[in-house]
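Biologist: I would like to learn how to read a structure. Can we go through one together, feature by feature?

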Amino acid sequence: MIRFIFLISLVVIVIFTSPFLALPLAVWYSLRYFAPELIFIAALLDAYFGAVSTIPYYTLSAFLVIIVTMFIKRYIMI
Amino acid sequence: MKRFLSTKTTNRHRTSPEKHELVLLGSIFLPLFLLLWLFPGLLGQIAAPIIKPFLSAETKLRQSLSNQDQTDVNLETVELERLKAENTELRTLLGGESEARIAAGVIGRPTNLPYDVLVIDKGERDGIVKDAPVYVNDNQAIGFVVAVYGESSVVALVTTPGWRSTVYIYGPNIYTTAVGQGGGIARVHTPQGIKLEEGNIVVVPSLSAGIYGRISAIDSIPSRTEQYGYVAMNMSLNSLHLVSVGTRPLSTIDFETAKTVVNEAARALLEVSVPEGILIEAESASSTATSTTAATTTEVQ
């Protein structure tokens with residue numbers, strides 16, 4: 001339940017504020033949980049808003065965030 | 001020896017959940033990426049009913065918060081004034097006779113959204129078509145519809161980052177290219193000898209009609225061979241609540257058509273949008289007299 005609330009909060013923040021504000025929260029969320037749903041949400045945002053861009057920045061960023069946090073997770077005590 | 005072998009076996013088991021996670025991530029990422037690349041509209045249609053309620057709720061929350069700021073004023077009066085202003089704005093937006101237009105509310109603004117776009121609350125069901133021009137006020141075009149969903153649409157602005165548009169600048173009277181910088185600003189790049197001034201009016205011929213904005217700032221150092229002018233719309237993007245959308249998609253225009261649009265925009269510089277009832281012209285004076293006489297006659301009877 002808490003995870004779901006965090007996820008909804010992250011979606012609201014990424015839609016309505018700067019992506020640089022959402023990025024540390026996404027990193028924290030990904031460190032806390034294994035979060036492939038971030039890629040799906042990012043893909044939805046790219047699909048809806050990203051008709052002006054040829055590169056799906058949010059999807060690529062979400063994928064990279066999850067990959068990086070997966071590899072640094074073993075060195076951080078969570 | 002045995003201890004070393006058992007340690008190696010333990011390490012191998014520890015890495016396999018990560019391999020499963022990597023495989024799962026890849027199996028989610030690759031199809032989504034391919035779907036975005038090959039069929040972006042399909043995923044957009046799925047995203048639209050999920051994202052639009054967030055945008056509408058945020059707009060309503062902003063409106064209710066601005067109403068709550070009026071603590072000492074009767075809320076009914078505030079709402080009445082807001083409706084009157086909205087009515088006037090709608091009449092201005094839709095008053096042009098040259099082209100049929102659809103009024104739409106703005107539910108997402110570039111400063112608040114990913115990708116610096118505008119989102120409006122009308123979509124395919126309301127007759128919005130892709131590539132249709134979007135206007136504020138009577139004839140100020142700001143962009144065009146780049147994606148249409150069931151009940152909402154996404155508008156790309158002239159100032160969307162990286163987007164290039166051909167503009168005409170009055171004053172130096174030149175055609176040049178403006179590149180979107182985001183946040184309602186586009187930038188033009190001209191040689192040092194061109195006399196750019198703050199306040200020079202800018203027209204975007206491909207957006208069919210109207211003045212886009214003015215040069216709001218200039219970045220010019222005499223020792224450099226080029227200079228930059230920053231173009232801003234006449235109104236702040238945060239104050240955009242209503243827009244009108246053309247019913248016909250834009251098409252690429254040739255230079256002769258661009259010259260015609262520029263000339264018509266120059267003539268329109270002398271005109272001001274005066275609200276109904278305030279502008280007095282020969283035809284409206286006689287019709288007013290007739291209606292007054294009719295009213296008087298009715299009252300006598």
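Modeller: Gladly. Keep in mind that this is a predicted model. We start with strand pairing in chain B. Strand 1 (residues 101-108) of chain B pairs with strand 12 (residues 242-246) of chain B. The sense is antiparallel, and the pair has five bridges.

Biologist: Which residue stands opposite B:R101 in strand 12 of chain B?

Modeller: That is B:G246. Strand 1 of chain B also pairs with strand 2 (residues 118-120) of chain B, over two bridges. This pairing is antiparallel too. There, B:G108 faces B:V119.

Biologist: Which strands of chain B close into a barrel, and in what order?

Modeller: Follow the pairings from strand to strand. In chain B, six strands close up in the order 6-7-8-11-10-9, with antiparallel pairing. On average, neighbouring strands of this sheet are turned by 45 degrees against each other, ignoring direction.

Biologist: How many bridges join strand 9 of chain B to strand 10 of chain B?

Modeller: Three bridges link strand 9 (residues 201-203) to strand 10 (residues 211-220) in chain B, and the two run antiparallel. One partnership to find is B:V202 with B:G213 of strand 10.

Biologist: Now a helix. What span should helix 3 of chain A have?

Modeller: Count the residues and use the rise of 1.5 Å a residue. Helix 3 (residues 37-49) of chain A has 13 residues, so the expected span is 18 Å. Its end C-alpha atoms are 18 Å apart, which agrees.

Biologist: Is helix 3 of chain A mostly covered or mostly open?

Modeller: Count neighbours: a residue is buried if 20 or more other C-beta atoms lie within 10 Å of its own. By that test, eleven of the 13 residues in helix 3 of chain A are buried, and the helix is mostly covered. Among them are A:L38, A:I39, A:D46, A:Y48 and A:F49.

Biologist: How many residues does each chain bring to the contact?

Modeller: Chain B gives 29 residues and chain A gives 25 residues. On the side of chain B that touches chain A, helix 1 (2-38), helix 2 (40-68), strand 4 (140-148) and strand 5 (153-157) each supply at least two residues. By class, that side holds 23 nonpolar, three polar and three charged residues.

Biologist: What does UniProt list for residues 21-43 of chain B?

Modeller: An unreviewed UniProt entry lists them as "transmembrane region". Then check the model. Over residues 21-43 of chain B, the chain is 96% helix and 0% strand. The end C-alpha atoms of that stretch are 24 Å apart.

Notes: Residues numbered from 1 in each chain as written. Chains lettered and ligands numbered in written order. Predicted model: local features only at pLDDT ≥ 70, side-chain atom pairs only at ≥ 80, totals over all residues. Contact = placed C-beta atoms within 7 Å. Helix = DSSP H or I, 4+ residues; strand = E, 2+ residues; numbered from the N terminus. Nonpolar A, V, L, I, M, F, W, Y, C, P; charged D, E, K, R; others polar. Pairing = 2+ DSSP bridges. Expected span 1.5 Å × (residues − 1). Buried ≥ 20, exposed ≤ 12 C-beta atoms within 10 Å, placed from the backbone. Axes fitted to C-alpha atoms, helices over the stretch in contact; angles between N-to-C directions. UniProt positions renumbered as here; feature names shortened; annotations may be inferred.
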